[in-house]
Every structure is written in C-alpha cells, then in structure tokens.
Amino acid sequence: MRSIDLDLLVDIAQEVEKEDPIDWDRLSVGKEQAYKMIATSVLEQFDKEEYNEEDKVILLSTITKLLVENMLLNIKILSLTNNQDKTE
C-alpha cells in the first residue's frame with residue numbers, strides 16, 4: 001500500500017460526513033481534532049506495503065464493527081427523536 005496522506009484521508013472522511021452530519025456543538029472535541037486523531041490511529045494500524053490474510057480479516061472486521069455501531073447509534077437517535085416528537 002502506498003503511503004496515504006493524513007490530510008487526504010481526513011478530507012475524504014469529512015466529505016462523507018456531509019451526507020450524515022454530526023452535531024459537533026454537543027461534543028467536547030473539535031471536528032478537525034477528532035478526524036485527525038482517528039485518521040492518525042487508522043494510518044498507524046493499516047498503512048502497510050502488503051496485507052496478509054490476517055490483516056485483511058482485521059481490516060474488514062473493524063470496518064464491519066464500525067458500520068454496525070453507526071447503524072445502532074442512528075437507530076437510537078431516531079428512536080429518541082421519535083419519542084421527543086410524541087411528547088411535544
């Protein structure tokens with residue numbers, strides 16, 4: 001794998017966020033800081049010249065876990081929003 005630029009990774013991730021924006025005002029960490037911190041961690045783990053089968057399984061299982069976690073959090077948010085709408 002070629003060396004991936006941290007800023008490029010952050011820019012692409014933030015572009016994806018435009019479709020599903022995060023309410024950064026509610027968080028104690030800034031948007032740029034959060035993206036750079038997580039992107040740095042991902043690059044440290046996965047920026048290799050070659051992947052063996054174990055690396056691929058770890059990479060794919062990590063992506064799967066994050067997508068499931070994201071789905072569950074979105075369901076929870078929708079549920080809370082729906083409950084608030086019913087009480088108003």
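This passage describes the helices, side-chain pairs and surface of a predicted model.

Helix α1 covers residues 6-17. At 1.5 Å a residue, its 12 residues should span 16 Å, and the end C-alpha atoms are 17 Å apart, in agreement with that expectation. Three residues of α1 are buried: V10, Q14 and E17. Viewed down the axis of α1, these buried residues fall within an arc of 45°, so they line one face of the helix.

Helix α2 runs over residues 31-46. Its 16 residues should span 22 Å at 1.5 Å a residue, and the separation of its end C-alpha atoms, 22 Å, agrees. The buried residues here are A34, Y35, A39, L43 and F46. They cover an arc of only 155° around the axis, and therefore sit on the same side of α2. The other side of α2 carries exposed residues, namely Q33, M37 and E44.

Contacts between α1 and α2 were examined next. A39 lies in helix α2. Its relative accessible area is 7%, so A39 ranks as buried, the limit being under 20%. V10 belongs to the buried residues of α1. The C-alpha atoms of A39 and V10 are separated by 6.5 Å, although the two residues are 29 apart along the chain.

A salt bridge also joins the two helices. K36 pairs with D7, and the closest N and O atoms are 3.4 Å apart. K36 lies in helix α2 and D7 in helix α1, so this pair ties together parts that are 29 residues apart in sequence. Both partners are partly exposed: K36 has a relative accessibility of 35%, and D7 has a relative accessible area of 39%.

The model contains six salt bridges in total. Among them is the pair D23 and R26, whose side chains meet at 3.3 Å, N to O. D23 is partly exposed, with a relative accessible area of 43%. R26 is exposed, at 73%. Another of the six salt bridges links the side chains of E53 and K56, at 3.5 Å from N to O. Both residues lie in helix α3, three residues apart, about one turn of the helix. An α-helix has 3.6 residues a turn, so residues three or four places apart point the same way. E53 counts as exposed, at 56% relative accessibility. K56, at 38%, counts as partly exposed.

Aromatic contacts come to one pair. W24 and Y35 form this pair, which is tilted: the centres are 5.9 Å apart and the planes make an angle of 45°. W24 lies in the loop between α1 and α2, whereas Y35 lies in helix α2, so the pair ties together parts that are 11 residues apart in sequence. Both W24 and Y35 are buried. Y35 thus appears in two settings, as a ring partner of W24 and as one of the buried residues of α2.

The surface of α3 was considered last. Helix α3 spans residues 53-87 and includes V68. V68, M71, L72 and I75 form a nonpolar patch on the surface. Together they have about 360 Å² of accessible area. V68 itself is partly exposed, with a relative accessible area of 40%. This value meets the patch requirement of over 30% relative accessible area.

Technical notes:
Residues numbered from 1 in each chain as written. Predicted model: local features only at pLDDT ≥ 70, side-chain atom pairs only at ≥ 80, totals over all residues. Heavy atoms only, no water. Patch = residues over 30% accessible without salt bridge, like charges linked within 9 Å, V, L, I, M, F, W, Y side chains within 5 Å. Areas by Shrake-Rupley, 256 points an atom, 1.4 Å probe, with all protein chains shown as cover. Salt bridge = Lys/Arg side-chain N within 4 Å of Asp/Glu carboxyl O. Helix = DSSP H or I, 4+ residues; strand = E, 2+ residues; numbered from the N terminus. Buried < 20%, exposed > 50% of the residue type's maximum accessible area, 1.4 Å probe, protein only. Phe/Tyr/Trp six-rings, centres within 6.5 Å; stacked < 30°, edge-to-face > 60°. Expected span 1.5 Å × (residues − 1). Arc of directions from axis to C-beta.
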